[in-house]
2 protein chains.
Amino acid sequence: MKIAAIGGGVIGGGWIARFILNGHDVHVFDPHPEAARIVGEVLANASRAYDRLFQAPLPEPGRLIWAKTVADAVTGADFVQESVPERLDLKHRVIAEIAAAAPETALICSSTSGFKPSELRQGARHPDRILVAHPFNPVYLLPVVEVVGGGEAADRACAILTAIGMKPVTVAREIDAHIGDRLLEAVWREALWLVKDGIATTEEIDDIIRFGFGLRWAQMGLFETYRIAGGEAGMKHFLAQFGPALKWPWTKLMDVPDLDDALIDTIASQSDAQSGAHSIRELECIRDDNLVGIFHALKANDWGAGKTLREAENRLYARQVEAPSGYPLRLHRARVGGSWLDYNGHMTEFRYLQVFGDATDAFLIHIGLGEAYRNAGFSAYTVETHIRHLAEIGANEQLMVETRLLGHDAKRIRLHHAILREDGTEAATAEHMLMHVSTDQGRATPLPDGLLQALDRIAAQDAGAHPDHAGRGIRDIRPREVAT
Amino acid sequence: MKIAAIGGGVIGGGWIARFILNGHDVHVFDPHPEAARIVGEVLANASRAYDRLFQAPLPEPGRLIWAKTVADAVTGADFVQESVPERLDLKHRVIAEIAAAAPETALICSSTSGFKPSELRQGARHPDRILVAHPFNPVYLLPVVEVVGGGEAADRACAILTAIGMKPVTVAREIDAHIGDRLLEAVWREALWLVKDGIATTEEIDDIIRFGFGLRWAQMGLFETYRIAGGEAGMKHFLAQFGPALKWPWTKLMDVPDLDDALIDTIASQSDAQSGAHSIRELECIRDDNLVGIFHALKANDWGAGKTLREAENRLYARQVEAPSGYPLRLHRARVGGSWLDYNGHMTEFRYLQVFGDATDAFLIHIGLGEAYRNAGFSAYTVETHIRHLAEIGANEQLMVETRLLGHDAKRIRLHHAILREDGTEAATAEHMLMHVSTDQGRATPLPDGLLQALDRIAAQDAGAHPDHAGRGIRDIRPREVAT
């Protein structure tokens, strides 16, 4: 599949990064003199975020290929994402250029936040394959994309967008600014009034959002939240109870504030006071680390944006099973995110076992003891673990786990993992004893022949000496050594 | 300090739960026949959420004391929270009753989402101590509270609200619906239009929020997010670039949709299709588990609502150091939240080490090796760990860790933890070797006399035999056992 991106600003760069990090080459055209720098910065941010976001091994990134013309970029393309500035005449010109050079069946998707497909399609050849695919910043992290235009083209676009980890929402009837930006603009207009009238500063408004309903909206939207507020009586009760009260102030919120110089100055200086301690680059990293943490929290509950992430990871794990591997096995990698650090600034103790446990899972998937096998009523439980901490691990380190099969018998698997740093040195080791169990019967049970044979094949590769710490216990020191 | 709550619906119940779980007795008056049931349900939800939210030991909960009259509830009260239905005549009557019976200095805070302090104060004695303290649902979890009314009373209220883990935002000038609900009503009105016009369903709108800008708003608000979008050029650049575009559709968003029967039916049936698979009770638990996970993610980054949580926990840990303790020590408890479960439905492997590691931290704080000591350039690092998994741990289990000091010498501490379930049985044990280090010099260094003496005192209590698995290693099984 050939992917092309026309326009490489923050939004175009976000699209490019999302496609590249999902393994696609992307052909890019943007005549802006700063385009390469901007796309490079977005791609660097996105790589950093993906290292933290994904526990499954990511595919080899695709290539970023700069084209000299629109035609160069889109010739032979299957999917073209247009992210040029928000001017209809410019969009018409660019879309005409794309349509002239791309195959008739190529999807032409616009990142426009304001224009409708009917506007974009004016005078176009094969207008039906021209769609709105409107994402939200940061495009490489936020899953949602509004797909407007309908038909077979929208179905094809949704399939491609889902495969790169997005959550397409198709919009039934086109409307100015689609859906998300309608909501955002309503809030924006209201917030401008609050600042202009001196009711609240930008920081106070932001705090009310992020310590309040923003926390709700990361996981449930407006209607589901209000459904809960209505209690067992449900949505009708909520509407009957709160509808009139919500209506009272509406009639006072109708005017549009002038975004004049005085208001711009007020907002800019309040924003400096609020956020000026951090550079934009720092704020981007803070934002992305927070988003990654929220994704992980929601993934643990298999809900919302976390469910989308889990589905993307399951696709990656399924792919990974087929990958070849040397010995000792290298089946799991991890990047040390900010949330993994303790008060000493090092990777916190239990994250070591998280890395080892994820490496054990990867080993189990590797031998055929994955989700399908577990669904049949069997699993392998860790019954004992011995960890040696050999070095402090700091923020952002890229870790690789090297796994040995120390032994196995009819019901048990004995593994040894080593966490390797980028320079190849060991930061920690773990020895684990696993027991094969029937989860239905709740007791240990013999491994089936297929898994035993997979273990035998791996054991046959384990020709070297075992680490001499294997099997050892913790040294006995007792109070009397100092007390007597 | 005496706390009174007048009105015990979902909002009043949320206030009551927050005060009780922070250790305050609460005197409640509500004549509604269902009040005790509703408050009980909110309190049950809140207890469940706090078990998951706090890793620090919570204080003993306060008592819920039902009063027969407003006067009974507020006599001698320091802080009164009024959460009666949203009718000004009713609020006036209740506030007059409170003012007549409560001390002159008692703070009278209203949960009103719409009325201004000047309206609430009409005809009141000592009007300055009447404030708006408007929270967001669920009150026991969301930190933000809008405090309107100003002066010395607002300062006192903010101190009390901060101490129960809230984030008060004082509103400079009073305005209908304060700040948060102005923003929410703008979104609500816009969303009603989108549903009424058949542009999007309730589920599609919710998905665009929770897979999109809702994720942003859980950690940064409107202005900080847009500041980033403006790039290095900052807020003025953003306003100059996007201001005009944002203004285009505004003039089309002015009308208020009628919340007539047809629209109510549409919303209710779409909401059933979207969320009807879960009961309201289930949705509350899902929401709270997600919020707890988001709090933990933000706490790990020391940002936003997670920072508020960390500050509350630090207050709890500081309190806990003074608490007496028997032997074996019981310094750490944990509740198994939904995010702690693996695909087998049991507590996932690395969470065991999280519990053990947190118990080690609690032990270190207990002997005097806490934050202040670490800030002086010293710490204790775990160098070796041996875990034995003895039983599966399921969702919602309450765990207690029993800690023994197996030994110590000039630089080392050897600990043994057992995770006990509610029935007292052991679910897992861990043996740890810790090394005392100078973090400035990056190497092991002798423990100071004060810490050694604290360890000697604990060692003197360790009269019983040590667990016989202490010091043992993992049993040696090798491939040949099956392969030859």
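I will talk about how chain A and chain B sit together in this predicted model, and then about one bent helix.

Let me start with the symmetry, since the rest of the interface is easier to follow with it in mind. If we rotate chain A by 180°, with 0.0 Å of shift along the rotation axis, it superposes on chain B with an RMSD of 0.1 Å, and the two copies are therefore related as by a two-fold rotation axis. If you would like a residue by which to find that axis in the viewer, look for A:G473, whose C-alpha, at 1.9 Å, comes closest to the axis of the residues of chain A.

Turning to the contact itself, chain A contributes 144 residues and chain B contributes 144 residues. On the side of chain A that touches chain B, 71 of these residues are nonpolar, 38 are polar and 35 are charged. Of the interface residues of chain A, 100% are also interface residues in chain B, so the copies meet through the same surface.

Part of the pairing between the chains involves strands: β10 of chain A, residues 378-389, runs antiparallel to β10 of chain B, also residues 378-389, and the two are joined over five bridges. Within this pairing, A:T385 is found opposite B:I387 of β10(B).

Finally, I would like to show you helix α8 of chain A, residues 202-217, which has 16 residues and yet spans only 20 Å between its end C-alpha atoms, where a straight helix would reach 22 Å. The helix has a kink of about 45°, centred on A:R210, and α8(A) is mostly covered, with 15 of its 16 residues buried.

Notes:
Residues are numbered from 1 along each chain as its sequence is written. Chains are lettered from A and ligands numbered from 1 in the order in which they are written. This is a predicted model: local features need pLDDT of at least 70, side-chain atom pairs count only at pLDDT 80 or more; totals for chains, interfaces and linings use all residues. Helices (H or I, at least four residues) and strands (E, at least two) are DSSP runs, numbered from the N terminus. The expected span of a helix is 1.5 Å times one less than its number of residues. The bend at a residue is the angle between axes fitted to the seven residues ending there and the seven starting there. A residue is buried if 20 or more other C-beta atoms lie within 10 Å of its own, exposed if 12 or fewer, and partly exposed in between; C-beta atoms are placed from the backbone. Two residues are in contact if their C-beta atoms, placed from the backbone, lie within 7 Å. Ala, Val, Leu, Ile, Met, Phe, Trp, Tyr, Cys and Pro count as nonpolar, Asp, Glu, Lys and Arg as charged, and the others, Gly among them, as polar. Two strands pair if DSSP finds at least two bridges between them. Copies are superposed by least squares on the C-alpha atoms of residues with pLDDT of at least 70 in both.
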